[in-house]
Amino acid sequence: MTSAIDIVGVSKHYGPLTALDDVSFSVMPGEFFALLGPNGAGKTTLISAMAGLSRQDSGAIRIMGHDTVRDFRDARMTLGVVPQELVFDPFFTVRETLIFQSGYFGLKNNGAWVDELLFKLGLTEKANANMRALSGGMKRRVMVAQALVHRPPVIVLDEPTAGVDVELRQSLWDFIQELNRAGHTIVLTTHYLEEAETLCNRIAMLKRGRLVALEPKEKLLSQSGAREIALKLSGPLPTALESLKTREEDGRQILRLAELSTLEGVLATVREAGLEIRELAIVEVDLEQVFVAMMRGGRTA
């Protein structure tokens, strides 16, 4: 099966700065894929190279089998990108913006699909409004519609919900999930890690231009050896356990264990102190914890 995206040994330098350092990974058709990393990790640089806005110094990028340098026209036709920045022509209405965008891809008589995009993204009532009159959230909806106007099989969302309200965020994800179920490949970058954890099947992490993780979500979450437990006791936490305490929440002591197998020793210490355990729960590891640990330490994928 041809990959939806192939990134092969991609490097990019800006003078002495290495933005991408030999990055390689593939995204399969129909995946909902997360590309995560802190600011400056290289995510937007990689997306710019995928979209043809910049060219990598070495390596190759293929979108649905089309090389972004040698076969750039077909590569562009298969890719839709929603950028971070709000970029728009202030002299066009919403509908005109989408009709002109259709023309850039050589599409005629695209009105029915434009109308469907307007409806799906809650823009129908704003169809004839000037772009400069829209709120920031509405402008971002138009940018999503622009990225989809040529029906690309691969969609890249670069921080699509930054600064938008909860209602827009939910409606946007409902629509994007609908596209994914219909077979579209989705690549998401976001600083809202709960979005990536909820939506994505596989996750890549970049740090200083290098790939430090590339795993299915479940495997990535399960690889964290350390675990946290929540204890509610009949008295103060024994002194011997104070070094394990990370915080207190709702009267529960949160302890971090190097391995879950050390739990029995913790319970034995509690019993020896003559305390009653009123509540015990294992705190599930979330993607944010894994991400923070990876960025602090990191490993090469």
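Just after helix α1, Gly52 adopts a positive phi of about 85°. This glycine makes a convenient starting point for a walk through the predicted model, beginning with the helix that precedes it. Helix α1 spans residues 43–51, and eight of its nine residues are buried, so the helix is largely enclosed by the rest of the structure. The buried set consists of Lys43, Thr45, Leu46, Ile47, Ser48, Ala49, Met50 and Ala51. Lys43 also appears among the residues touched by Leu36, a residue taken up again below with the nonpolar core.

Some overall figures help to place these details. The chain has 301 residues, of which 47% count as buried. Its secondary structure comprises ten helices and 14 strands, and its C-alpha trace extends over about 80 × 45 × 35 Å along the principal axes. Among contacts with a sequence separation of 6 or more, 69% join residues that are 24 or more positions apart.

In soluble globular proteins, nonpolar side chains tend to be buried together. In this model, the largest nonpolar core contains 48 residues, and Leu36 and Met205 are the ones that touch the most other members. Helix α5 supplies the largest share of this core, with seven residues. Separate from it is another core, made up of 25 residues that include Val23, Phe25, Val27 and Val187. When residues up to four places away in sequence are left out, the contacts of Leu36 are Lys43, Thr190, Leu193, Ala196, Ile203, Ala204, Met205, Leu206, Leu287 and Phe291. Leu36 thus touches Met205, its companion at the top of the list of core contacts.

Helix α3 offers a closer look at how helices pack in this chain. It runs from residue 94 to residue 104, and its buried residues are Val94, Thr97, Leu98, Gln101 and Ser102. Viewed down the axis of α3, these buried residues fall within an arc of 140°, so they line one face of the helix. The cover over them includes α4 (111–120) and α5 (136–148). Following α3 comes Gly106, with a positive phi near 70°.

The two partners of α3 are met at quite distinct angles. With α4, the axes come within 10 Å and cross at roughly 135°, which makes α3 oblique to α4. The contact brings Val94, Arg95, Leu98, Ile99 and Ser102 of α3 together with Val114, Asp115 and Leu118 of α4. The crossing of α3 past α4 is right-handed. With α5, the axes come within 9 Å and cross at roughly 25°; an angle under 35 degrees counts as roughly parallel, so α3 is roughly parallel to α5. Here Val94, Thr97, Leu98 and Gln101 of α3 meet Val142, Ala145 and Gln146 of α5. The passage of α3 by α5 is likewise a right-handed crossing. Val94 and Leu98 take part in the contact with α4 and also in the contact with α5, and both are among the buried residues of α3.

Positive phi values also turn up in residues other than glycine. Glu159 has a phi near 55° and sits in the loop between β7 (154–158) and α6 (166–181). Its relative accessible area is 7%, so Glu159 is buried. Arg208 is a second example, with a positive phi of about 50°. This arginine belongs to the loop between β9 (202–207) and β10 (210–216). Arg208 has a relative accessibility of 69% and therefore counts as exposed, in contrast to the buried Glu159.

Another exposed arginine lies within a strand. Arg278 is part of β14 (residues 277–283), and its relative accessibility of 55% means that Arg278 counts as exposed. Even so, this side of the chain is linked to residues far away in sequence: leaving aside residues up to four places away, Arg278 touches Lys232, Leu233 and Ser234. The C-alpha atoms of Arg278 and Gly235 are separated by 10 Å, although the two residues are 43 apart along the chain.

Definitions and conventions. Residues are numbered from 1 along each chain as its sequence is written. Side-chain values use heavy atoms; hydrogens and water are left out. Buried means under 20% relative accessible area, exposed over 50%, partly exposed in between (1.4 Å probe, protein chains only). Helices (H or I, at least four residues) and strands (E, at least two) are DSSP runs, numbered from the N terminus. The arc is that of the directions from the helix axis to the C-beta atoms. Contact means heavy atoms within 4.5 Å. A nonpolar core is a set of buried Ala, Val, Leu, Ile, Met, Phe, Trp, Tyr and Cys residues joined through side-chain atoms within 4.5 Å. Axes are lines fitted to C-alpha atoms, for helices over the stretch in contact, and angles run from 0 to 180 degrees between N-to-C directions. Angles under 35 degrees count as roughly parallel, over 145 as roughly antiparallel, 65 to 115 as roughly perpendicular and the rest as oblique. A crossing is left-handed if the near helix is turned anticlockwise from the far one by less than a right angle, and right-handed if clockwise.
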